[in-house]
Amino acid sequence: QVHVVESGGGLVQPGGSLRLSCAASGSIFSINVMGWYRQAPGKQRELVAAINNGGSTNYQDSVKGRFTIDRDNAKNTVYLQMNSLKPEDTAVYYCNYRGYGGRWYAYWGQGTQVTVSS
């Protein structure tokens with residue numbers, strides 16, 4: 001079992017910045033992917049960015065150049081630096097941990113609210 005905990009959400013004005021953190025603990029897999037998803041009211045949950053244990057990253061087109069994902073493997077922690085925030089970035093942001101142990105296992109955090117508004 002893997003426990004995933006997010007932190008760092010809040011209210012920010014358009015053009016502002018926030019940094020989200022997500023720590024995984026428990027039965028950590030050596031092969032894993034950590035990512036951030038978001039879900040706005042009335043919309044489906046979507047991938048924002050992901051990074052694997054080797055450091056390869058993947059971003060949704062709408063956040064490229066504004067958001068940066070990185071990780072500290074020693075701490076099993078992933079970060080999402082969000083700059084130039086827009087009102088359409090408003091959503092609940094969820095951390096996802098996927099580990100490979102013969103098959104893929106997926107775990108979710110409880111979510112953290114990000115609101116971009118003046």
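**Why the labels fit: questions on a predicted model**

Visitor: Why is Asp-61 called exposed?
Guide: In this predicted model, Asp-61 has a relative accessibility of 62%, and the label exposed is kept for values over 50%, so Asp-61 counts as exposed.

Visitor: How do you know that Lys-64 forms a salt bridge with Asp-61?
Guide: The closest N and O atoms of Lys-64 and Asp-61 are 3.0 Å apart, and a salt bridge needs a side-chain nitrogen of Lys or Arg within 4 Å of a carboxyl oxygen of Asp or Glu, so the pair of Lys-64 and Asp-61 meets the cut-off. In general, side chains of opposite charge can pair when their charged atoms come close.

Visitor: How many salt bridges does a search of the whole structure find?
Guide: The search finds five salt bridges, and one of them joins the side chains of Asp-89 and Arg-66, with 2.8 Å from N to O. This pair links distant parts of the chain, since Asp-89 sits in the loop between strand 8 and strand 9, while Arg-66 sits in the loop between strand 6 (57-59) and strand 7, 23 residues apart.

Visitor: What makes Asp-89 and Arg-66 count as buried?
Guide: Buried means under 20% relative accessible area; Asp-89 has 1% and Arg-66 has 11%, so both residues carry the label buried. Salt bridges that share partners join Arg-66 and Asp-89 with Arg-38 and Glu-46 into one network.

Visitor: How do you know that Arg-38 and Glu-46 meet in a salt bridge, and which label of accessibility does each of them get?
Guide: Their side chains come to 2.8 Å, N to O, and the cut-off is 4 Å, so the contact of Arg-38 and Glu-46 qualifies as a salt bridge. Arg-38, at 6% relative accessibility, counts as buried, whereas Glu-46, at 32%, counts as partly exposed.

Visitor: Why is the link of Cys-22 and Cys-95 called a disulfide?
Guide: The sulfur atoms of Cys-22 and Cys-95 are 2.0 Å apart, and a disulfide is a pair of cysteine sulfur atoms within 2.5 Å, so the two cysteines satisfy the definition. The structure holds one disulfide, and the link of Cys-22 and Cys-95 is left-handed, with -80 degrees about the S-S bond. Because Cys-22 lies in strand 3 (residues 18-26) and Cys-95 in strand 9, the pair ties together parts that are 73 residues apart in sequence. Cys-22 and Cys-95 are both buried.

Visitor: What makes the phi of Asn-76 and of Ser-84 worth pointing out?
Guide: Most residues other than glycine have a negative phi. Asn-76, although not a glycine, has a positive phi of about 50 degrees, and Ser-84, also a residue other than glycine, has a positive phi near 50 degrees. Asn-76 is placed in the loop between strand 7 (67-72) and strand 8 (77-82), and Ser-84 lies in the loop between strand 8 and strand 9 (91-100).

Visitor: Why are Asn-76 and Ser-84 called partly exposed?
Guide: Buried stands for values under 20% and exposed for values over 50%, with partly exposed in between; Asn-76 has 21% and Ser-84 has 41%, so both residues fall into the class in between.

Visitor: Which residues make the nonpolar surface patch, and what label of accessibility does Trp-104 get?
Guide: Ile-31, Tyr-100 and Trp-104 make this patch of about 290 Å². Trp-104 is in strand 10 (residues 104-108) and, at 40% relative accessibility, counts as partly exposed.

Key: Residues are numbered from 1 along each chain as its sequence is written. This is a predicted model: local features need pLDDT of at least 70, side-chain atom pairs count only at pLDDT 80 or more; totals for chains, interfaces and linings use all residues. Side-chain values use heavy atoms; hydrogens and water are left out. Helices (H or I, at least four residues) and strands (E, at least two) are DSSP runs, numbered from the N terminus. Buried means under 20% relative accessible area, exposed over 50%, partly exposed in between (1.4 Å probe, protein chains only). Patches are made of residues with over 30% relative accessible area and no salt bridge: like charges are joined within 9 Å, nonpolar side chains (Val, Leu, Ile, Met, Phe, Trp, Tyr) within 5 Å. Accessible areas come from the Shrake-Rupley method with a 1.4 Å probe; for residues, only the protein chains shown count as cover.
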